[in-house]
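Work through the exercises below with the sequence and the model open beside you. Try each task before you read its solution.

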Amino acid sequence: MTDRKPVYLMTPALAWLTAFMVVPCLLILALAFFRRGIYGGIVYEFTLSNIALVFDPLYARIFLKSAGIAGLAATIAVVIGYAAAYAIASMPRKRQPILLFFAVLPFWSNYLVRTYAWIVLLNREGLIVSLARAVGFEGELPQMLYTETAVVIGLVYNYLPFVILACYAPLSRLNPEIHEASRDLGASEWTTFRRVTLPMTVPGIATGFVFVFVLSIGNFVTPALLGGGQFQMIGNLIYDQFLTANDWPFGAALSMFLIAIMMGLLTLQTFASEKASGQQRAEVCDD
Amino acid sequence: MTSTLLSLANIEKRFGELRAVNGVSLDIRENEFFALLGASGSGKTTLLRMLAGFDMPSSGHILLDGHDISQVPPNHRPVNLMFQSYALFPHMTVAQNIAYGLEMEKLPRTEINERVDEMLSTIQLTHLAERKPEQLSGGQRQRVALGRALVKRPRLLLLDEPLGALDKKLRGEMQLELKHIQNKFGITFIVVTHDQEEALVMADRIAILKDGELLQCGSPHEIYEYPVNRFAADFIGVMNFLPARVDAGALCTANGSRISASLPADLKPGDNALAAVRPERLRLGAADADNCLNGRISAMAYHGLDLHLHLETPVSPHPLMVRLTADVAEGHPFAVGEEVSVGWSARDTRVFTA
Amino acid sequence: MTNRGSLRLMLLILSATFAFLYIPISVLFALSFNASGLPTAWTGFSTHWYAELMANSDIIGAALNTLIVAVVSTLSATLLGTLLAIGVEIRRRKGRLLETVIFAPMIIPDIVLAIALLSFFSMLDFRMGLHTIIISHTVFNLAFVCAVVRARLKSFDWSIVEASTDLGATTPVTLRRVILPVLTPAVVAGALLAFTLSIDEFIIAYFTAGSGRDSITLPMQIFSMIRFGVTPEINALAVLVMTLSVVALAISQRLNRGRLPGQ
């Protein structure tokens, strides 16, 4: 095959991606360096003030806050997701696909609907309160909806299937003989898990963590619905710059920052995966 | 006289309806190189996994040094396994792989380092100690797997198809090296293999398994020269079978010619039987031999060291295999279609129930 | 797992996980058939709220918009994504930039793509509406279709293409008679996945819909219903939306030989 034909096949899609993804993203990048007009709008004059504003204590605090929430959600999701993936991988081989299918199924239903389900559960007149009353609990129940806890629960709930999928992949690829080799050499089940299984499946954990973290920190639906607008994540901040505050250059700078965090984490994750699988540039040396 | 290290007493393993291992009893001696030989599905791997502790026998006992270990978990047995896939830990270096089993014994660091270094030099991988398994060749990985198991100084080392992943040339070298290492360490080796040649070359004794049952156990010479039945004869090496009928203390072939051989006691006149003779026992033009047959060359295969002739004979539907050494073959330019006669002695003839 | 104790632990973990995943969804199902529509008490089975839903012209309008967006963006994404996948896989030489551009729409945070497209359209003075949502959805949809088709092409025996050429077929004929028939299940699976993503997509649609009432999609409608006054109809709507995407995904998974998208 010559190279001519494939280019011709790829052209329409690449043109589309260039026009409606690459160019808009470059535009955002450029926008981050322009000045905001007094009444909104953009003044085409180079400035670094938007970038500087990202590091302003007021916004830095929001960043740290949302990074904290995203980090907590990602950690919880990884712990639950890894345990679930490990459990699925330890079931009989032919049952695993169906278990995995049902673990991931909720991920493909509507995000808003899944978030709304937690409003129904956590509401002041919601199911959990009703159940507590039904079993005779009389005291004052703490506010559950519109709290940070609610946001973290919502994020974990929504992204858990993804983490299960990410952790299952390396777990299912493990050669069962590796596990047996460790037992054979005198290690207990727990030692085998700690010294062999866990280090070999770090890539899945890293992938799961990075995605939950990035999707959470840039989220604005969950904080808006379950957080009740009590506090802001970077996603909400960006949303506001574009739809209410009308400071597009600052919104663009925030987006670039978000992308930078994501790329940084993805690079770290790639590094972690390579280290775990022992794939440094393999130079096989012959006998 | 060497003493018995391992005793298998009437081992049985059932998976649901399937009897993977069916009443196997074996004694394996101290310092022995033992081979479990069988085709896939013969139960040899199941037997090995029971010895390592990954499966428990459904009934029967495994005695190591007189103690029943059949219910002891794998991490508490003085038995180690070299896995078929080698099962090296990909995230650890060669040295870390070898140290792993010693760390499990909670030995002091200095002793671990000493023993790892010693093992690295034995398997000649000192210069690659810091490599990851991915950066090694097949032969090197095999040596790491061997070293990792050996360094624990087990009472018994199990090897699951140890040479299966290597190419033919390397396999030959490693057969000798394994024997050498076994000798040096004085540890009992049990090798599981489907390769009869490998078993013949390496093992002191061989057990042939078929359908979960022990068919025959003995030295390579016994196994090759005195197979107990037709299956064992066919499984090891190449064997010519000639259908015949027992007739007054001798065998009579379909075309009436007689084959002289010593008959097993359980064959009565009138019974169907099979006379068997190895291709290398057949001699060309030996008219004075105990047994003699005429045939026509239907095919020839040149192997360098020797020449194989396929003879069409009136006594068997299958061609008779004749193996001539290079010096014999050299003196005679054979051609397909040529008529030849072959002979062999009664001493080299085995007789089996058909 | 060898011992019984750890098997029990694994089953416990699985039950707890599935309970966590499915209880909230099941509650919505139950609630949508509850006559009172409130989680506080069960007042009897009723399909009343589904009837209400059908009578709500805002919701019907939004549903139609969603359908238009999903169908059109799926069709265009399937065409573009399939050709892209074939092109990339034929060309064995892999470019890093090319891979990044193809992969980016799947991992870029929605909010970033949303504001980028919003800025782009508004700076070009492009009138926004359903068509801009369709254009935007096509961006990520084509990336997902491409990924599904490429996964199939990884195990594709390219020698059948050479065989077809050897037997005298031109490239378009080979494409039509050999490559596409083999790829059909993957293409349909990719299309169904794209359809699922599109009917559920909220953020990008929200930013690129413009301000008109007539370009509101179902997820946008659901968002405003949740935010500004929950009515019990929303439970019924949630159940319908969820069922639709799960059915599409199940068919997609069947066609894709049991492989889940993203696996």
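**Exercise 1: a sheet in chain B**

Strand β12 (residues 250–253) of chain B is joined to β13(B) by two bridges, and the pairing is antiparallel; strands here are DSSP runs of E with at least two residues, helices are runs of H or I with at least four, and both are numbered from the N terminus. Two strands count as paired if DSSP finds at least two bridges between them. The model is a predicted one, in which local features need pLDDT of at least 70 and side-chain atom pairs count only at pLDDT 80 or more, while totals for chains, interfaces and linings use all residues. Residues are numbered from 1 along each chain as its sequence is written, chains are lettered from A and ligands numbered from 1 in the order in which they are written, and side-chain values use heavy atoms, with hydrogens and water left out.

Task: find the bridge partner of Cys252(B) in β13(B), and then state which strands stand at the edges of the sheet.

Solution. Begin with the residue: Cys252(B) has Arg258(B) as its bridge partner. Next, write down the order of the open sheet of five strands, which is β13-β12-β11-β14-β20 in chain B, with antiparallel pairing. Finally, look at the ends of that order: β13 (258–259) and β20 (350–353) of chain B each have a single partner strand, so one side of each is left without a neighbour in the sheet.

**Exercise 2: two domains of chain B**

Task: describe how domain 1 and domain 2 of chain B meet, and find the salt bridge between them.

Solution. First take the bounds, which come from an automatic or database domain assignment: domain 1 covers 4–230 and domain 2 covers 238–353. Their C-alpha centres lie 39 Å apart, and the contact (heavy atoms within 4.5 Å) takes seven residues from domain 1 and eight residues from domain 2. Then consider the buried area, meaning the accessible area (1.4 Å probe) that two parts lose on being put together, summed over both; here it is about 730 Å², with 49% on carbon and sulfur atoms. On the side of domain 1, Tyr224(B), Glu225(B) and Arg230(B) lose the most area to domain 2, together 71% of what that side buries. Last, a salt bridge needs a side-chain nitrogen of Lys or Arg within 4 Å of a carboxyl oxygen of Asp or Glu, and Arg281(B) and Glu225(B) form one at 3.1 Å, N to O.

**Exercise 3: chain A and its partners**

Task: of the two pairs of chains in contact, decide which shares the most contacts, and set out what each interface contains.

Solution. The most contacts are shared by chains A and C, where 84 residues of chain C touch 81 residues of chain A. About 7500 Å² is buried between chain C and chain A, of which carbon and sulfur atoms give 84%, and Phe20(C), Leu21(C) and Met123(C) lose the most area on the side of chain C, together 8% of what that side buries. The rule finds zero salt bridges across this interface.

Turning to chain B and chain A, 36 residues of chain B are in contact with 31 residues of chain A, and the two chains bury about 2800 Å², 51% of it on carbon and sulfur atoms. Two salt bridges are found here; one of them joins Glu103(B) and Arg195(A), whose closest N and O atoms are 2.5 Å apart.

As a last step, check chain B against chain C: no contact joins them, and their closest C-alpha atoms lie 8 Å apart.
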